[in-house]
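Work through the exercises below with the sequence and model open. Try each task before reading its solution.

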Amino acid sequence: MNAETPVRATKMNFIQAINLGLDEAMAADRRVILMGEDIADDQGGGVFTVTRGLSAKYGAARVRSTPISEQAIVGAAVGAAIAGYRPVAEIMLMNFIAVAMDQVVNHAAKLRFMSGGQTHVPLVIRTATGAGVGFGGQHSDMLEAWFAHVPGLKVVTASNPADAKGLIRSCIEDDDPCIFIENTAAYGTSGPAPAPGYTVPLGRAAVAREGRDVTVIGYGAAIPHALAVAQAMQADGISVEVIDLRTIAPFDEAAVLVSVAKTGRAVVVHEAVRKFGVGAEISSLIHEHLFATLKAPVQRVGSAYAPVPFSPVLEKAFLYSRDDISAAILRTMGR
Amino acid sequence: MTERLIEEPGRDVLLDIYRRANLIYQADERFRAMILGGQLQIIYYSPRGQEIVSAATMAALAPDDYLVTTYRGVHDQLAKGIPPRDLWAEFAGKAAGTCKGKGGPMHITHPETGVMVTTGIVGSGLPIANGLALASQLEGDGKVTVVCFGDAATNIGAFHESLNMAQIWRLPVIFLCQNNLYGEHTPQAMSTGCAEIIDRAIGYGIRGVQVNGNDAFAMYAAAREAVARARAGEGPTFIEAKTFRFFGHLLGDDSHYIPAEEMAAAKAADPIPAYRRALLDRQIPEAELDAIDAGIAATVEEAATSALAAGYPEPSEIRVDVLAGEIAA
């Protein structure tokens, strides 16, 4: 027994958890490389410090601070991935991916198919976003629906630090391009630390809370809100099941349908703008398969149809809320 | 005994370039005939006039060096060594094609010969070429990546981001601008602020070389030097190879926007017969060149015939290669 075995933390925040996932992946496979603006330690270990310590440990050749050149960053990740590497590109904020959409949509997503399977693109794009922190219109958008609509991409996000660690490792090991969404507002939130080697399979949802009356389906930052609402509604005698998709695309259709077949009611929740959001796809799937047994139409909760505003009052008006979730649940209950 | 400043390539290299250039030339003739004859229904970007650029550059590469090219890429792909039969079948949308009929003429991939990406998006190959070169640099495998693009691609953002990144990282990559003087229908002077495209290298501190791409000797020397530097870890080169295209942006374009005298002068300097004359001047027997031409003709005939006879992919292939696992029906 090694007397110097460190005491393992019992709690961990998102930053620590994702850092641990990257660290483990880099230790396990020399082909895992990181690229992004300011990600090496000399530049601060990333603007949110998610990559702090990794360039010291693995060297500046594998943890590469880049110019502010999103097309070149994602393109370099595509090329390195085709050549057998497993690059993780950090695009600081999700809105900045708009600058690199050609590389994501026309290349990363399609090269496997267009080459007839001769090449594939095992890259991960890590990117942070989310409203509620006063970043305004160009640093806060939840754009997961864009990527979910492009065949060939996987879209992943975690609702708690342990899953974040488990999912980032699975994304890196996956042979397809993955968009890994991190929530700016949630970075400092702590949760139970993952066990060593913990991974979460892609495409598999989790039952975050079991219930009988209504299923709330969501992902990422929506899950803590849904769980809080579920807890509060317990007092009103409403039993809410919460499904955490974890992988947004392709999502775990079976888990959604099994749960809603049991409860007969469903509410879909996400921070992204409600119109044309991922919730529309999930709602449609439920209606297509379970229309005859549904006790109420599926309800959708999302943010307002507007750019993310700056003023706190407007930002609050934009964002979905716990009240929206509970109101939607009550509508499915006919109350 | 006098020493020559630039040593000419040996006989084997000269014939190698001849073989590659004339494979392109004959294949292009056949592609155009098949399209105009209704046997192939494709959008076709003829490389006629640009053969020597590719032939001389690819002759300077090793078979496993990487190539990234663009929709006007059939000359690059054939010169890099893709078997004509496989390429033809892909152009025809057949299951036996390089990409199982899923890519088509604008998206040719053939890793066996180092052809890693063909993009239909102007300028998009450059960032990806950097990534291939980065992998080689990290791997220490000595491979060089060549990325081909046209003059108009030097006006898109990806070009600028890529030259900059390649230079700061000293990547083993060669940016080969095949400057045919027109971007779609717009002449260079109308679309490009600097008089010479090569001047753009200065802004990124990258080594720049301007060359007559239709001169096989100059083109080969420029490519060889750039390849040697890249392999030696001395970083990237931006080559501007001046050339011309005889059949417009795409087949069916009547080139009305090109002054007649400019087109006539370009055709008078047609690089294919010019190179043949250069070889004859160097005492390479005409019969030897004729024999090469005949061999190519047989290869092209076989490729074209087999592509037409080959079968289409199964419709169920739509579910394969989207992701690693097959998509459920």
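**Exercise 1.** Find the strands of chain A that helix α8 lies across, and give its angle to β11(A).

Solution. Start with the helix: α8(A) covers residues 222–234. Helices (H or I, at least four residues) and strands (E, at least two) are DSSP runs, numbered from the N terminus. Next, list the strands: α8(A) lies across β9, β10 (214–218), β11 (240–244) and β13 of chain A. Contact here means C-beta atoms, placed from the backbone, within 7 Å. Last, the angle: α8(A) runs at about 170° to β11(A). Axes are lines fitted to C-alpha atoms, for helices over the stretch in contact, and angles run from 0 to 180 degrees between N-to-C directions.

The model is predicted: local features need pLDDT of at least 70, side-chain atom pairs count only at pLDDT 80 or more, and totals for chains, interfaces and linings use all residues. Residues are numbered from 1 along each chain as its sequence is written, while chains are lettered from A and ligands numbered from 1 in the order in which they are written.

**Exercise 2.** Give the strand order of the open sheet of five strands in chain A.

Solution. The order is β9-β11-β10-β13-β14, with mixed pairing. Strands pair if DSSP finds at least two bridges between them. At the edges sit β9 (206–209) and β14 (299–303) of chain A, each pairing on one side only. From one strand to the next, the twist averages 25°. Now take one pair: β13(A), residues 266–273, runs parallel to β14(A) over four bridges. Within this pair, V269(A) has V301(A) as its bridge partner.

**Exercise 3.** Decide how enclosed strand β4 of chain A is, then trace its pairing.

Solution. Count burial first. A residue is buried if 20 or more other C-beta atoms lie within 10 Å of its own, exposed if 12 or fewer, and partly exposed in between; C-beta atoms are placed from the backbone. In β4(A), residues 86–93, seven of the eight residues are buried, so the strand is largely enclosed by the rest of the structure. Then trace the partners. Strand β2(A), residues 32–36, pairs with β4(A) in the parallel sense over five bridges. Five bridges also join β4(A) to β5(A), residues 124–129, and these run parallel. V88(A) is a useful marker: it stands opposite L34(A) and opposite V124(A).

**Exercise 4.** Check the length of helix α7 of chain A against its expected span, and find its burial.

Solution. The helix has 13 residues, 161–173. The expected span is 1.5 Å times one less than the number of residues. That gives 18 Å; the end C-alpha atoms are 19 Å apart, which agrees. As for cover, 12 of the 13 residues of α7(A) are buried, among them G166(A), L167(A) and I168(A).

**Exercise 5.** Describe how the two domains of chain A meet.

Solution. Set the bounds: domain 1 is 11–192 and domain 2 is 206–332, from an automatic or database domain assignment. Their centres, over C-alpha atoms, are 26 Å apart. In the contact, 26 residues of domain 1 meet 23 residues of domain 2. On the domain 1 side, the elements giving two or more residues are α6 (144–148), β6 (154–157), α7 and β7 (178–183) of chain A. That side divides into 13 nonpolar, nine polar and four charged residues. Ala, Val, Leu, Ile, Met, Phe, Trp, Tyr, Cys and Pro count as nonpolar, Asp, Glu, Lys and Arg as charged, and the others, Gly among them, as polar.
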